[in-house]
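Here are my notes on the model, as promised. Have it open while you read, and go through the points in any order you like.

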Amino acid sequence: MTDTATRQAEEALAGGLTVSTVATSSLGDRSYLAADGAVAAVIDPQRDVDRVIAEAGRMGVRIAAVLETHVHNDYVSGGLELARLTGAEYGMAEADHAPFAHRPLRDGDVVELSGHLRLRAIATPGHTFHHLSYVLEGDTGPVGVFTGGSLLLGTTGRTDLLGSEHSRELARQQHASARKLADLLPDGSQVWPTHGFGSFCSATQASGDTADLGEQRRINPALTLAEEEFVEQTLSGLDAYPAYYAHMGVRNTRGPEPLDLRPPATATPEDLRQRLDAGEWVVDLRQRKAYAASHLAGIVSLGLDGPMTTWLGWMIDWGAPVTLVGETGEQVATAQRELARIGIDAPAGAATGQPAELAAAPDQLRDTPTATFEDLAAALRGRTGELPAPDVVLDVRTQNEFDASHIEGAVHIPLYALRDRRAELPQGTVWVHCGSGYRATAAASVLEQAGRSAVIVDDRFDAAGPSGVPLA
């Protein structure tokens with residue numbers, strides 16, 4: 001899941017235009033550079049803009065414009081800092097009334113970078129009230145559109161981020177905006193969304209094999225369903241979204257501070273023990289199997305092989321100190337970069353090494369048993385082998401996942417709510433599962449903080465039924 005320098009394949013378009021994608025897979029977002037060989041526009045840059053600057057250097061182009069489709073709710077924007085560093089014009093919706101220097105854009109405004117490269121702002125409200133999409137135009141006309149959180153691949157951006165009281169009206173606007181784009185552009189136009197690659201800003205999971213508008217006409221509910229049917233389907237499918245979203249829009253509207261990725265202070269074994277004893281957030285960045293084999297008592301498992309940023313940002317008390325623990329300095333640096341993207345800056349400290357090296361005393365070391373769904377099926381029939389018998393089966397997936405299918409008799413508490421609700425669990429050993437094992441491991445670590453015994457079901461949920469686990 002790490003992506004400090006992830007880049008998708010560069011697309012060559014008509015008229016010598018190219019579009020390069022800088023992906024942030026840990027958040028499910030993409031930023032773009034549209035270029036004509038000499039100058040480029042950047043759309044929706046993440047906070048760590050060094051990746052974008054490096055990509056512009058690789059392409060041999062000068063960044064002349066930075067454009068935002070909307071005030072982002074799922075990450076801290078790098079747009080303002082990128083414009084400052086490069087001297088580029090910074091454009092965003094006039095109606096957002098941003099307090100810093102920028103070019104206010106309205107529906108129909110054209111950002112002309114050269115005779116071969118233009119971007120036309122199109123008002124596409126729905127994901128937010130003032131959302132803009134940008135049609136990329138070359139010598140031969142429009143070749144594609146940067147849709148931000150409007151028209152995504154097989155879905156649209158969610159419409160409840162500005163408050164549930166606005167979600168129905170915004171869903172209607174989202175439907176109209178998608179059709180507006182479809183009416184403006186030919187089938188061969190490319191669709192370049194910012195969200196929809198695992199982001200919780202997406203109303204549903206993205207789908208489809210290509211970013212071609214013709215395919216979207218065939219599969220996207222916004223273009224195949226009537227307005228009310230689309231609205232009802234969209235609203236009924238919305239699940240909870242990460243708590244840290246509440247802080248992103250405010251920070252982006254105010255103007256984010258420059259990024260500081262200087263290494264955090266080194267935490268000694270005694271520092272770690274004191275912070276763990278105090279109940280602070282000390283995060284184990286290693287892969288979950290390594291955590292299960294050996295870890296410090298009280299540490300939280302959020303490995304870099306999964307969406308660490310999303311789950312930490314969702315569970316943490318905002319502003320609480322965070323200490324990062326990895327096997328290497330590279331792991332710590334990666335985590336620091338990823339967390340900075342959602343505004344968790346300046347970790348309280350960091351430590352590297354194996355648990356035995358980082359323990360202030362041998363009695364700090366723990367291990368957690370793991371199992372498969374076959375093991376769980378056997379245990380539910382009374383055959384546990386060397387594993388402790390399950391007194392509770394805990395499902396930490398989201399509400400939509402649980403509603404679709406779940407284990408009979410399982411207690412459901414989503415991972416993001418577990419720290420506050422673990423007292424609701426019946427006494428005894430908890431066998432905890434999710435969809436793959438990542439969230440289950442994080443949940444087991446949260447349970448162990450409270451002195452509970454846990455078994456991690458480190459297995460894919462689609463194996464539960466075939467393994468003989470009774471499903472509802």
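1. Charges. A quick convention before the numbers: Lys and Arg count as positive and Asp and Glu as negative, while His and the chain ends are left out of the count. On that basis the chain carries 38 positive and 63 negative side chains. The centres of those two sets lie just 1 Å apart. Keep in mind throughout that this is a predicted model.

2. Overall size. Does the radius of gyration agree or disagree with what a compact globule would give? It agrees: for 472 residues the expectation is near 23 Å, and the chain comes out at 24 Å. If you want box dimensions, the C-alpha trace spans about 70 × 50 × 35 Å along its principal axes.

3. Make-up and packing. You'll find 16 helices and 23 strands in the chain. Of the 472 residues, 57% count as buried. Looking at contacts with a separation of 6 or more, 67% of them involve residues 24 or more positions apart.

4. Surface. About 17,900 Å² of the chain is exposed, and carbon and sulfur atoms supply 49% of that area.

5. The five-stranded sheet. There is an open, parallel sheet whose strand order is β19-β23-β22-β20-β21. Its edges are β19 (370-371) and β21 (411-412), each of which pairs on one side only. At the β21 end, the neighbour is β20 (residues 392-395), running parallel to β21 and joined to it by two bridges. To find the spot on screen, go to L394, which stands opposite V411 in β21.

6. D44, a backbone angle to look at. Most residues other than glycine have a negative phi. D44 has a positive one, near 55°. This residue sits in the loop between β4 (39-43) and α1 (50-59). Is D44 buried or exposed? Buried means under 20% relative accessible area, and D44 has 0%, so it counts as buried.

7. A346, another positive phi. Here the angle is near 50°, again in a residue other than glycine. A346 belongs to the loop between α11 (329-340) and β17 (349-352). What is its relative accessible area? The value is 65%, and the cut-off for exposed is over 50%, so A346 is exposed. Looking at the two loops together, then, D44 is buried, whereas A346 is exposed.

How values were computed: Residues are numbered from 1 along each chain as its sequence is written. This is a predicted model: local features need pLDDT of at least 70, side-chain atom pairs count only at pLDDT 80 or more; totals for chains, interfaces and linings use all residues. Side-chain values use heavy atoms; hydrogens and water are left out. Helices (H or I, at least four residues) and strands (E, at least two) are DSSP runs, numbered from the N terminus. The radius of gyration is taken over C-alpha atoms; the globule rule is 2.2 Å times the number of residues to the power 0.38. Buried means under 20% relative accessible area, exposed over 50%, partly exposed in between (1.4 Å probe, protein chains only). Contact means heavy atoms within 4.5 Å. Accessible areas come from the Shrake-Rupley method with a 1.4 Å probe; for residues, only the protein chains shown count as cover. The place of a charge is taken as NZ of Lys, CZ of Arg, CG of Asp or CD of Glu. Two strands pair if DSSP finds at least two bridges between them.
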